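This report describes selected features of the secondary structure, helix packing and local geometry of one protein model. The sequence and the structure are shown first.

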Amino acid sequence: MSAFCPDRFIPYGRPSIDEEDITAVVDVLKGDFLTTGPAVLEFEALLTDKTGAMYASVCNSGTAALHLAYLALGLDKGDQVIVPAVSFCATANAAAMCGADVIFADVDHQTGLVTENGLKEAAQKADPNRLKALSVVHLNGQLVNMEMASAFAKKHSLILVEDACHALGSSYDIYGQAYQVGQCAHSDLCCFSFHPVKNIAMGEGGAVTTNSNEFKSKTDQYRNHGLEMYPDQFVAMPGDAKDSGASWHREMHVLGYNYRAPDILCALASSQLKKLTKLKAERETLVGRYDRAFSAYPDLLRTLPKAYHQNPCWHLYPVFIDFDRLEINRETVIQKLKAARIGTQVHYWPIPSHPYWVEKSEDCSYPNADSYYKAELSLPLFSGLSFDEQDYVIRQLITVLRDGNHDA
């Protein structure tokens, strides 16, 4: 590796924006619609084409997507939903926003993905008369075993939601048949995030895909204040609306939210989605280079085990470090790398450890989730990360870990 030194800070994630993206947004700004216009429908159509799902409802964040999915399936006060202990807190929070109780499932200590044993243990804690849904989380770009998750959901009569906020562009194989994440071939609904550091950038945005016309209608309704848009569904049309044909009339049938995504952001998302294959290939190349470089240092760190029968679109690149054995604090590593102009992040502190959830849960012991969290450190991974920058990250991390071990 060369003695390269970066001329700017290398974050753990960065969007890849080009002139095509900028032109797409400018075209909307020059048009007639900034929101609720044709760019929204175009992005939804592109997303269904990319995932293979029948329907997509775009919204303004991945959190909103999760909330819409839970609302659509009818999650309500007193219901229970199983959620993995390792995820961003929104996976559980959105269920709590519906009034539901969350039952956390432990995960594989090496991959962070929920396992059959974790789901069985969670089901044993639940009330079978109240347990309504299962939410599985695809982490880093790798996927939960969907054949297993689907069988578990069917056995317990649960609606299955995929949190695929890390996994747009990933696919999996069952008995030689390939399935796209978001296709909902083995789930009822699938949720995405298009935050700037995700696999495609929308600024802030999300979406729900499904093959159910009922769920599609509900997600669309809940994202727009709960308003009913179709005359054949009206139940309280005033007389003047009837006389005029009701072209302007809208009825609020449920308590909804303003989760709409504007055309400006959908135009950016469409432009990005058209390049997903290229962006995926770039991330895959970078992951392969990291894996090969770090394989020479098993005494300092381990890399993420790669699941079989998957073709992931990598969102994060985590490494796992035994900080206690090396006698170096994780924050020390983070700050030393930051001083070298390298950004890192930790994904994630287990949700049940957050003070809000500690008060809600009788059981806060999830040893595998804790083991995953205590060792995890996410390194820079994004389209546009140069090989020189990546080699510099590798070199700096190994130097920091060696110095920590030597100082001990």
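The sections below treat sheets, helix pairs and individual residues in turn.

## Basis of the description

The model is predicted. Every value quoted below is to be read as computed from that predicted model.

## The sheet β12-β14-β15

An open sheet is formed by 3 strands in the order β12-β14-β15, and its pairing is antiparallel. The edges are occupied by β12 (302-303) and β15 (376-379); each has a single partner strand, so one side of each is left without a neighbour in the sheet. Strand β14, which spans residues 317-320, is paired with β15 in the antiparallel sense over 4 bridges. Within this pairing, V319 stands opposite L377 in β15.

Helix α10 (residues 276-294) packs on this sheet and touches β12, β14 and β15. The direction of α10 makes about 15° with that of β14.

## The sheet β7-β6-β13

Another open sheet of 3 strands follows the order β7-β6-β13, again with antiparallel pairing. Here β7 (177-180) and β13 (310-311) stand at the edges; each has a single partner strand, so one side of each lacks a neighbour in the sheet. Strand β6 (residues 171-174) runs antiparallel to β7 and is joined to β7 by 4 bridges. In this pair of strands, Y172 is placed opposite Y179 in β7.

## Packing of α2 against α9

Two packed helices are described by the angle between their axes and the distance between the axes. For helix α2 (residues 38-51) and helix α9 (residues 263-273), the angle is about 30° and the axes are 8 Å apart. Angles under 35 degrees count as roughly parallel, so α2 is roughly parallel to α9. The crossing of α2 with α9 is left-handed. On the α2 side the contact is made by P38, A39, V40, E42, F43, L46, L47 and K50, and on the α9 side by D263, C266, A267, A269, S270 and L273. These contact residues divide into 10 nonpolar, 1 polar and 3 charged.

How many of the 11 residues of α9 are buried? The number is 9, so α9 is largely enclosed by the rest of the structure. The buried residues are D263, C266, A267, L268, A269, S270, S271, Q272 and L273. Their cover includes α1 (19-29), α2, β1 (55-59) and α10. Helix α10 thus appears in two settings: α10 is part of the cover of α9, and α10 packs on the sheet that contains β12, β14 and β15.

## Packing of α3 against α4

Helix α3 (residues 62-72) packs with helix α4 (residues 90-97) at an angle of about 45°, and their axes are 9 Å apart. The two helices are therefore oblique to each other. Their crossing is right-handed. In the contact, T63, L66, H67 and Y70 of α3 meet A90, T91, A94, A95 and M97 of α4. The residues of this contact comprise 6 nonpolar, 3 polar and no charged.

## Buried residues L75 and S150

L75 is located in the loop between α3 and β2 (80-84). Its relative accessible area is 4% and, because buried means under 20%, L75 is buried. Apart from neighbours within four places in sequence, L75 is in contact with Y70, Q80, V81, A95, C98, A100, K132 and A133. Two of these contact residues, Y70 and A95, also take part in the contact of α3 with α4. L75 and A133 are 58 residues apart in sequence, and their C-alpha atoms are 7.9 Å apart in space.

S150 lies in helix α6 (residues 146-155). With a relative accessibility of 8%, S150 counts as buried. When residues up to four places away in sequence are not counted, S150 touches L160 and H186.

## Backbone geometry in loops

The peptide bond from H347 to Y348 is cis, with omega near 0°. Y348 belongs to the loop between α12 (330-339) and α13 (355-360).

Positive phi values in residues other than glycine occur at H225, where phi is near 65°, and at H309, where phi is near 60°. H225 lies in the loop between α7 (213-223) and β10 (227-228), and H309 in the loop between β12 and β13. At 33% relative accessibility H225 counts as partly exposed, whereas H309, at 59%, counts as exposed.

Technical notes:
Residues numbered from 1 in each chain as written. Predicted model: local features only at pLDDT ≥ 70, side-chain atom pairs only at ≥ 80, totals over all residues. Heavy atoms only, no water. Pairing = 2+ DSSP bridges. Contact = heavy atoms within 4.5 Å. Axes fitted to C-alpha atoms, helices over the stretch in contact; angles between N-to-C directions. Parallel < 35°, antiparallel > 145°, perpendicular 65-115°, else oblique. Left-handed = near helix turned anticlockwise from the far one by under 90°. Nonpolar A, V, L, I, M, F, W, Y, C, P; charged D, E, K, R; others polar. Buried < 20%, exposed > 50% of the residue type's maximum accessible area, 1.4 Å probe, protein only.
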